[in-house]
Amino acid sequence: MQTFFVDVILPLHIHGTYTYRVPQEYNDSVRVGQRVVVQFGSRRLYSALVRRIHEEVPKYRVKYILSILDKQPIVTEKQFLFWEWLADYYMSYVGDVMAIALPSAFRLASESSVTIHPDYSGELSDLTDNELRVVQLLSEHNVMTVEDISRAIGLQKMMPLLNTMIEREIIVMDEDLHQRFKPRTTTYVSLSPLYHEEDEARALFDQLEKKKTTQKQVDVLMRFMQMSQFGKEPVPRRLLLDSNGDSPLSESAFKTLVRNGVLEQFDKEESFIAQDEADTVSPDSITLNAQQQEAFGYLSTCDKPVALLHGVTSSGKTEVYIKLIHEVVKQGKQVLFLLPEIALTAQIINRLRKYFGKTVGVYHSRFSASQRAEVWTHTSAADPAQRYQVLLGARSALFLPFADLGLVIVDEEHDTSYKQYDPAPRYHGRDSAIYLAHLWQARTVLGSATPSLESYFNAQQGKYGLATMTKRYGGLQMPEVLCADMKEETARVRRERGTASARSTHFSQFLLNHITEALDNKEQVILFQNRRGFSLRIECDDCHWVPQCQHCDVSLVYHKATNSMRCHYCGYSIPVPSECPACHSHHLTMKGVGTERIEDDLSILFPKARVARMDLDSTLQRNRYLEILNDFQERRIDILVGTQMVTKGLDFDNVSVVGIVSADNLIYFPDFRAFERAFQQMTQVSGRAGRHGHQGKVIIQTYNPYHQAIRNVIDNDYAAMYDSQITERRVFRYPPYYRLIELTLKHRDQEVLNDAAGILARDLREVFATRVIGPEYPSVSRVRGLYIKTILLRFERTEAIGQAKHITLDICDRLKADKHFASLQIHFDVDPQ
Ligand code: ADP
Ligand code: ZN
Ligand code: ZN
């Protein structure tokens with residue numbers, strides 16, 4: 001008998017793979033890419049992935065694998081290669097990648113908690129004895145860890161059993177349950193088929209009208225008939241019963257009609273999506289205009305693996321993508337369509353489904369385990385007819401088990417949301433996508449109205465292909481961008497009032513006039529302010545005291561809705577102080593304006609307008625953003641105030657004015673990318689103005705109307721922005737000419753941190769000399785009670801830095817081996833954004 005060993009990847013922040021021995025009984029069934037249950041540490045059990053099977057007897061005694069969870073491999077060789085590249089490039093471990101790449105249902109471990117699946121029917125007859133015992137235990141205890149269940153039942157091989165139960169949706173991992181994504185539903189009312197014939201309906205009315213007691217039912221039916229085009233179309237229940245100025249309908253009469261089977265109710269998923277296979281349209285029906293045709297022709301034949309599509313907002317990039325997708329899907333290959341944030345994708349899903357119907361799979365980190373597992377299975381199916389052809393998602397969709405990838409599209413490639421900040425691996429979705437496509441010999445298309453300097457640079461250097469679309473689709477004009485000079489505005493207010501009143505100068509008269517005009521014309525307005533909360537801080541007029549977070553080195557932000565001062569880094573909050581604790585002065589002034597304040601002021605200035613706010617605070621509730629977008633789309637909101645969220649690729653057809661409340665916040669941000677980002681954000685939000693119909697207006701409020709970034713936005717001159725910035729990057733040695741790696745050190749004790757940072761910088765300098773910058777305190781130098789210092793490594797573009805990363809990791813490991821620094825945290829951020 002042969003003896004086999006496997007090297008497995010554990011979903012943990014540890015280096016490399018671990019070797020286990022294969023029990024003889026599994027010799028024939030073990031495969032690379034399967035999950036196996038192994039013991040790691042003294043007691044813990046994990047699902048680990050088989051990376052390699054071999055017969056090399058290890059020098060030390062190794063444990064046996066306990067069982068095999070999957071019949072078929074769930075991870076392919078290409079996925080492993082992708083994970084390994086990602087771990088290596090971003091200076092993290094393959095285990096870190098596994099932990100974020102696999103749907104959590106695949107990561108069963110002894111500490112995982114499970115509970116009964118909420119949709120489980122309770123049917124016990126087809127359970128095995130052991131399954132029955134698990135169900136009984138869980139119905140008593142509600143939530144239990146795998147370890148607790150094993151102990152209670154005493155079954156050694158518990159994980160395979162639980163795994164099957166998860167697959168059969170009898171139980172669910174508790175973590176998934178909390179993340180369950182329930183699509184919002186709307187209740188519709190329809191007419192029972194019994195009354196679809198006119199005669200039947202008439203008879204019903206006659207019968208009801210005879211009696212006085214059923215008059216109210218007649219009212220309900222009448223309204224329903226009007227709204228439903230005589231029973232032809234279902235009517236949302238809310239709209240039916242909403243009095244909307246008319247006399248209100250009786251809810252109990254409505255209920256009686258339902259009980260008597262005249263009206264029927266049903267729930268339907270509410271979203272922008274409502275497409276059926278039958279409704280799909282062939283992409284051949286799209287006629288591209290000349291500039292789209294040219295871009296499409298170029299992109300589909302370009303001999304470079306990566307190409308950039310630089311098209312102004314509303315130039316019709318999506319139609320070009322659809323044509324490109326069609327070409328690839330026709331060959332039976334798959335397409336990955338990446339977006340910066342899944343939250344804002346409803347519109348694009350809709351547009352893709354229109355052409356590709358059910359072959360579009362959406363991968364959503366908020367989906368339930370079973371939904372994610374479903375997408376996973378239908379991505380890897382060997383039979384092209386059984387699998388998704390177009391996969392749409394945010395960066396986590398990179399980890400899907402593609403069967404045959406032919407094209408990757410990265411839309412809004414400049415967006416910072418592509419970067420994962422925490423936890424490791426801190427990877428960039430766009431850059432990783434390019435590597436993934438390379439593994440498949442697939443083409444990558446990056447698209448943006450405001451490309452990142454990096455991508456545009458690569459295009460200029462001839463490394464990427466470049467297609468440009470300078471005009472909006474359908475002859476629509478670019479919006480007119482105007483400045484409101486806040487210096488003049490402040491002076492004017494002072495003149496008129498004779499005081500230095502700060503109040504209401506967040507809005508220039510110029511912007512107010514435009515808002516008024518838009519509202520009068522029944523058009524909509526978007527206002528962009530990149531700070532949330534009410535006022536950014538409170539300050540004592542006498543001693544300049546500002547309330548600070550106890551755990552972080554930042555000031556607290558005033559939130560009116562909760563009447564509290566909150567830390568945006570750790571969530572710490574205090575009640576609003578009524579006097580200054582330092583000097584007991586009562587003169588506390590609010591400084592700076594957040595979205596909440598803007599919303600508040602608008603409701604005073606425009607009492608009749610319907611104002612809504614879209615920022616992290618207002619959208620924490622799941623699906624709230626969809627409601628807001630839907631309401632805005634349906635024109636139930638007149639003015640939408642928001643942070644970055646409102647700048648992203650949304651397509652509204654009735655927005656005539658976009659206001660950027662304070663452009664100076666964007667420009668004067670202490671970061672080498674501030675200029676580029678300010679240009680991108682202002683241009684993107686401007687693109688929301690005047691989409692269908694007539695030219696829109698953008699009002700930029702600023703104290704610096706002649707600032708170059710603002711001038712570039714006004715002239716819609718990406719090239720000028722690029723030229724000025726690329727020169728600065730070269731002169732000051734920043735990307736794309738140089739590559740950066742940022743090391744972040746954290747420790748509870750400031751002195752220990754300082755020591756560690758000093759030693760680390762010294763050791764790094766010995767190897768990398770002047771490429772080492774720092775250590776320095778970052779602008780926020782303490783978060784959640786941990787002090788922070790950073791060290792920056794800067795390499796020339798032409799230097800091979802693979803080796804440098806390994807040396808750096810070694811130096812850090814050596815430092816951490818010193819027990820004085822045992823609790824020091826070191827994070828690596830390659831290509832920090
Ligand atoms: P972008 O993504 O470049 O900002 P969109 O793809 O959203 O622009 O296009 C703007 C609008 O023009 C959309 O409503 C889109 O449906 C329409 N459009 C663009 N190209 C075409 C085309 N070839 N045929 C019909 N409509 C088009
Ligand atoms: Zn004071
Ligand atoms: Zn804090």
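Colleague: Which residue follows helix H12, and what is the sign of its phi?

Modeller: In this predicted model, H12 is followed by Gly-332, whose phi is positive, near 80°. Helices (H or I, at least four residues) and strands (E, at least two) are DSSP runs numbered from the N terminus. Residues count from 1 along each chain as written, chains are lettered from A and ligands numbered from 1 in written order. Local features need pLDDT of at least 70 and side-chain atom pairs 80 or more, while totals for chains, interfaces and linings use all residues; side-chain values use heavy atoms, without hydrogens and water.

Colleague: What span should H12 have?

Modeller: The expected span is 1.5 Å times one less than the number of residues. H12 has 14 residues (317-330) and should therefore span 20 Å, in agreement with its end C-alpha atoms, 20 Å apart.

Colleague: How many residues of H12 are buried?

Modeller: Buried means under 20% relative accessible area, exposed over 50%, partly exposed in between (1.4 Å probe, protein chains only). In H12, 11 of 14 residues are buried, including Tyr-321, Leu-324 and His-326.

Colleague: Which residues coordinate the zinc ion (ligand 2)?

Modeller: Donors are N, O and S atoms within 2.8 Å of the metal (3.2 Å for Na, K and Ca); water is absent, so sites may look incomplete. Here the SG atoms of Cys-540, Cys-543, Cys-580 and Cys-583 coordinate zinc at 2.2 to 2.4 Å. Cys-543, between strands E21 (537-540) and E22 (557-559), and Cys-583, between E24 (573-575) and E25 (588-591), lie in loops and are 40 residues apart. Cys-543 is partly exposed at 33%, as is Cys-583 at 34%.
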